[in-house]
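Reader: I've got the sequence and the model open side by side, and I'd like a close look at one part of it. Start with the lining of a pocket, please, and then work outwards from there.

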Amino acid sequence: MTDFTMAIDADGVAVITWDVQGKSMNVMSLEGFAELDALVDQALADDAVKGIVITSGKDTFAGGMDLNIIAKMKDSAGDNPAKGLFDGVMNMHGILRKIERAGMDPKTNKGGKPIAAALPGTALGIGLEIPLSTHRIFAADNPKAKIGLPEIMVGIFPGAGGTTRLSRKLGAMAASPLLLEGKLNDPKKAKAAGVVDEVVPADELLSAAKEWVLNAKDADILKPWDAKGYKMPGGAPYHPAGFMTFVGASAMVNGKTQGVYPAAKALLSAVYEGALVPFDQALKIEARWFTNVLLNPSSSAMIRSLFINKEALEKGANRPAVDDQTVKKVGVIGAGMMGAGITLVSAQAGMEVVLIDASQEAADRGKAYTEAHLDKGIARKKTTPEKKDQVLGLINATTDYNALAGCDLIIEAVFEDVSVKADVTAKVEAVVGPDCIFATNTSTLPISQLAKASKNAEQFIGIHFFSPVEKMMLVEIIKGKETGDRAVAKALDYVRQIRKTPIVVNDERFFYANRCIIPYINEGIRMVREGVEPALIENAAKLVGMPLGPLQLTDETSIDLGVKIAKATKAAMGDAYPNDAVDEVLFWMADEGRMGRKAAAGFYAYDEKGKRQGLWDGLAAKYPAADEQPDLTTVQHRLLFAQVLEAVRALEEGVLEDIREGDVGAILGWGFAPWSGGPFSWLDIMGAPYAAERCDQLTQAYGDRFACPPLLREMADKGQSFYGRFGAGKAAA
Ligand code: NAD
């Protein structure tokens, strides 16, 4: 394996080129690190070498560390994983510190060889941490390039010196959006932020870096933190200004993460504690905190779900082996809230869109949604007037079904009504070609039932979007009983085109996402009726990492929708319907006219501008708080078990065929506590035996809805984990 090569030019500049064979972007492996180390040693020892430029053989620099390795680092760290991890991280620090010191005399700080980084494009994670250890960072003026440290997004933090170097280079305040939010910048913005030192035309990148290397003096290559009298920009923690930064950052991190993301807290601790000691000590502190995060099961679960499995699903892990089904012309029927959003994302992806509604006015309104979105984009400099014209030019808003001729995919988003949908299906099939795939965006109606209206149930499928379409990253694809492979492939290729993440599930009531989220909402409402303090319910949810408490979520989705779903479910289930206690509260709210956010009145109170205030006090008058309140963990377990047991049942019943989809879908679809890696990862973290025991206790205290699913019981008895038994696409139950 040769990821790095070195060539010494006539002027004595050693150019180390990173070019991982067979990959479109460089990623760092442990072997790669060893190669870089050896080449740096060689260049530093060679008297003919005056300086070094580290660059890439690709049009990008690097995408980061191979996260597959990070996810498994703990398992491969030996009998004493903490020590194994810490030693591994310190070894990495040693290599980068060697680059930074570049052979200079430790006492005089003289005699080192200048080392520059030349970044042709994107440089992320370790792809920026290496440059940060060099003496000058040159970036090509490539507006598409993204430069930054996004580690926090997958549950870790920059642990190869990036945290310590960036906070010392910029100061804690300026570094905080880059470290704590993983903010990425293009080269010009990265220069303005002080992350890179020079932005030069792409064709001058290497020559500019070489020239700097050949002319750099001893003082140019001494890092400020290695010079006498270094002071952290903006002040260290005990400086009055620095003090304010750290107090604010700590409050912000805890406010945003509710304390459930170990990486954010560890990052802040590494910066704070590191700022109090000399640089080499600070690296050790960073390594300790990094080890601490890697040892936390949350980090490997997050990496697995949010990176490895998400990417596998996007790349078609569960796509049937059918030839390319790229969509060219899509028909969207129904230009309401969902149809308008679907039109926007499809046209933005370059597809021709025919947008149909019952009246021209409604169709035009649907198209205007795209226009308004693009206008906002222009105002924010995210798009251009030319691009807007181009996207709008792809949309034909009309009432004429004949315009659908030539469509290879139809997405129906009309009213949630079987007969309206059947009528639309027949009208569409009268004009489209025999190969056209028909998808419905229904959220509650069985696909197999709707497929009865189609001449070709094999080509009929569910493509379920979440609202707002342009923001929500998950798309749930639902196979009806007769749906064929080509329809699934078409839906997956379409989702790839619009750059969202797909899961593919089978057709049972509420499919997967709604099936799990409804019990969460119901459990919250049930507790209101029992006299549990609403504030306790809402805060318990947020403190365990749910983005919205169940009552706020009900307000957002509206009470009347809840009532509608409850009535339809009861009608379908008859005597087996388990949610009368929930309905009592829900129907009463509806009778009171408290329909949720859209009515500016729900479980919460809202001001005249519709801004959410505190919980509505009328709720306490109707359902007074019980004298005895449950503890926080009990409330949290009720809220989480309500969801995860439904996910397990979905797996048992074959609605889910792949637990990776269950985990990724839960986080992207309804924000299931991302720190956990998703429902199956959470159950694995706590272990099946404890989960089963908890089910028994909750069942005894609160009822049969918490009954331990047979699959979980069996796994508890056998000491199995979900990822051990079903991981990486192994066939489900
Ligand atoms: P909406 O009421 O905003 O829009 C429906 C649109 O369909 C309206 O513009 C209406 O004029 C049009 N329409 C109705 N009958 C038609 C017909 N016969 N021919 C052509 N157009 C017709 O509804 P929505 O919220 O966009 O939901 C649409 C579908 O998407 C429903 O099946 C709903 O269950 C599903 N869905 C909604 C959400 C959500 O959050 N709102 C999420 C996922 C799925």
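Author: Let's start with α12, which gives the most residues, six, to the lining of the second largest pocket. Keep in mind that this is a predicted model. The pocket itself holds about 470 Å³ of space. Its lining has 18 residues, and if you want to find the middle, look for Ala71, Asp75, Ser300, Arg304 and Tyr723, which lie nearest the centre. Besides α12 (297–314), two other elements give two or more residues to this lining: α2 (67–73) and α27 (679–686). As for chemistry, the walls are a mix, with seven nonpolar, five polar and six charged residues.

Now follow the chain on from α12. The loop between α12 and β11 (329–333) holds glutamine 325. With a relative accessibility of 6%, glutamine 325 is under the 20% cut-off, so it counts as buried. Its side chain has a polar partner, too: a contact of 3.2 Å joins it to the side chain of arginine 486.

Next, the ligand. There are 21 residues around it, and those that come nearest are Met338, Asp357, Glu416, Lys421 and Ser443. Sort the shell by class and you get eleven nonpolar, seven polar and three charged residues. Oxygen atoms of the ligand show up in several polar pairings. A polar side-chain atom of asparagine 441 sits 2.9 Å from a ligand oxygen, and an N or O atom in the side chain of serine 443 is also 2.9 Å from one. With valine 414 the backbone does the job: one of its polar atoms is 3.3 Å from an oxygen of the ligand. On its own the ligand would expose 830 Å², and the protein buries 77% of that. Three elements give two or more residues to the shell, namely α13 (337–348), α16 (418–429) and β16 (460–465). Of these, α16 has the largest share, three residues.

β16 also leads to a backbone oddity. In the loop between β16 and β17 (474–479) you'll find proline 468, and the peptide bond into it from serine 467 is cis, with omega near -5 degrees.

For contrast with the open pocket, have a look at the closed spaces. There are six cavities of 30 Å³ or more, and the largest has about 80 Å³ of space. Its lining is nine nonpolar and two polar residues, with no charged ones. Among the lining residues are Leu179, Leu180, Phe246 and Leu268. The elements that give two or more residues here are α6 (172–180), α9 (240–257) and α10 (262–275), and α6 gives the most, with five.

Between two of those helices, α9 and α10, there is a loop with glutamine 258 in it. Phi of glutamine 258 is near 55 degrees, a positive value in a residue that isn't glycine. At 32% relative accessibility, glutamine 258 falls between the 20% and 50% limits, so it counts as partly exposed.

Phenylalanine 511 is another non-glycine residue with a positive phi, near 55 degrees. It is found in the loop between β18 (501–506) and α19 (513–530). Here the relative accessibility is 1%, so phenylalanine 511 counts as buried.

Notes: Residues are numbered from 1 along each chain as its sequence is written. This is a predicted model: local features need pLDDT of at least 70, side-chain atom pairs count only at pLDDT 80 or more; totals for chains, interfaces and linings use all residues. Side-chain values use heavy atoms; hydrogens and water are left out. A residue is near a molecule or strand if one of its heavy atoms lies within 4 Å of it. A polar contact is a pair of N or O atoms within 3.5 Å; within protein, one must be able to donate a hydrogen and the other to accept it, and residues adjacent in sequence count only if both atoms are side-chain atoms. Accessible areas come from the Shrake-Rupley method with a 1.4 Å probe; for residues, only the protein chains shown count as cover. Helices (H or I, at least four residues) and strands (E, at least two) are DSSP runs, numbered from the N terminus. Ala, Val, Leu, Ile, Met, Phe, Trp, Tyr, Cys and Pro count as nonpolar, Asp, Glu, Lys and Arg as charged, and the others, Gly among them, as polar. On a 1 Å grid over the protein atoms alone, a cavity is a set of points where a 1.4 Å probe fits but cannot get out, and a pocket is an open set with protein on both sides within 12 Å along at least five of seven lines; lining residues have an atom within 4 Å of a point. Grid points are joined across faces, edges and corners, and a volume is the space filled by probe spheres set on the points. Buried means under 20% relative accessible area, exposed over 50%, partly exposed in between (1.4 Å probe, protein chains only).
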